[in-house]
Amino acid sequence: MAGGLFAIDRQFFERLGTYDSGFDIWGGENLELSFKTWMCGGTLEIVPCSHVGHIFRKRSPYKWRSGVNVLKRNSIRLSEVWLDEYAKYYYQRIGHDKGNFGDVSERKALRKNLGCKSFKWYLDNIYPELFIPGEAVASGEIRHLSSGMCIDSPGNPEDLQQPVGFYECHNQGGNQYWMLSKTGEIRRDESCLDYSGTDVILYPCHGSKGNQQWIYNTQTKQIRHESSGKCLAITESKQRLLMEDCSLTAPRQRWAFENYDPSKL
């Protein structure tokens, strides 16, 4: 739901506490309103024949504060109030650097007074198909052991079907944060590492294994691509990823998953 492309009953909007007055400018308000609409007794509906007008100003009427990541600050406020125990997954992605997000006590009191349901209820009943990071076998960086380099990709829509990158490990999550699912997907959000015979690329996760199934061997430290039988490696120049025949004596093929928990397999 884009922040401006909806209509809402005014009295219901006010009962929900309107927008968080601690939010800066824009960002996160669409998620906050969606979550609390569902969790606090409402529904968010698609009306196919509706029309919503949206007029853009020629210039921004707001004064942006320098040195403040507005979207991040708003998202942390949202997480603190509405995501319950699931907020930790977002904090992992930002290196647990929450910074100064202001006072959210009034927003927490609002949620309590409204008698809103839990975020687990939201996931179970409204978005049950969502992949839950807590169910991942591993989460965090994928580090190449002998080089200190990590698999790295922004994961934006324009990065799909492009070769996955490789960069010095920085321990800040972000582009180097990956999850290994129970079914062998190496993913971030809805994008998965995919190999079809040329480069290792990012491709929308399809849940059908095949080109997106990877098997990690904790003894050999190899990441094997199930359908091709090849192993993930780096070039001799340490510039990019490649797939090659698996070899127990090749240090180019040795990797470590952060936070690996085999009990979740």
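Leaving out neighbours within four places in sequence, Lys36 is in contact with Leu16, Gly17, Thr18, Trp82 and Arg107. This lysine belongs to helix H2, which covers residues 29-39. Is Lys36 buried or exposed? Its relative accessibility is 0%, and because the cut-off for buried is under 20%, Lys36 counts as buried.

The model that shows this is predicted, and confidence should be read alongside it. The mean pLDDT of the chain is 91, and 98% of the residues reach at least 70. Among the secondary structure elements, helix H4 (residues 87-93) has the lowest confidence, with a mean of 88. Strand S10 (residues 222-225) has the highest, at 98.

From the single residue, the view can widen to the whole chain. Its secondary structure consists of 6 helices and 13 strands. The C-alpha trace spans about 65 × 40 × 40 Å along its principal axes. Of the 265 residues, 40% are buried, and Lys36 is one of the buried residues. Among contacts with a separation of 6 or more, 58% join residues 24 or more positions apart in the chain.

The surface and the charges complete the description. The chain exposes about 15,400 Å², and carbon and sulfur atoms supply 49% of that area. There are 33 positive and 32 negative charges in the chain. How many Å apart are the mean positions of the positive and negative charges? They are 4 Å apart.

Key. Residues numbered from 1 in each chain as written. Predicted model: local features only at pLDDT ≥ 70, side-chain atom pairs only at ≥ 80, totals over all residues. Heavy atoms only, no water. pLDDT = per-residue confidence, 0-100. Helix = DSSP H or I, 4+ residues; strand = E, 2+ residues; numbered from the N terminus. Buried < 20%, exposed > 50% of the residue type's maximum accessible area, 1.4 Å probe, protein only. Contact = heavy atoms within 4.5 Å. Areas by Shrake-Rupley, 256 points an atom, 1.4 Å probe, with all protein chains shown as cover. Lys, Arg positive; Asp, Glu negative; His and termini not counted. Charge placed at Lys NZ, Arg CZ, Asp CG, Glu CD.
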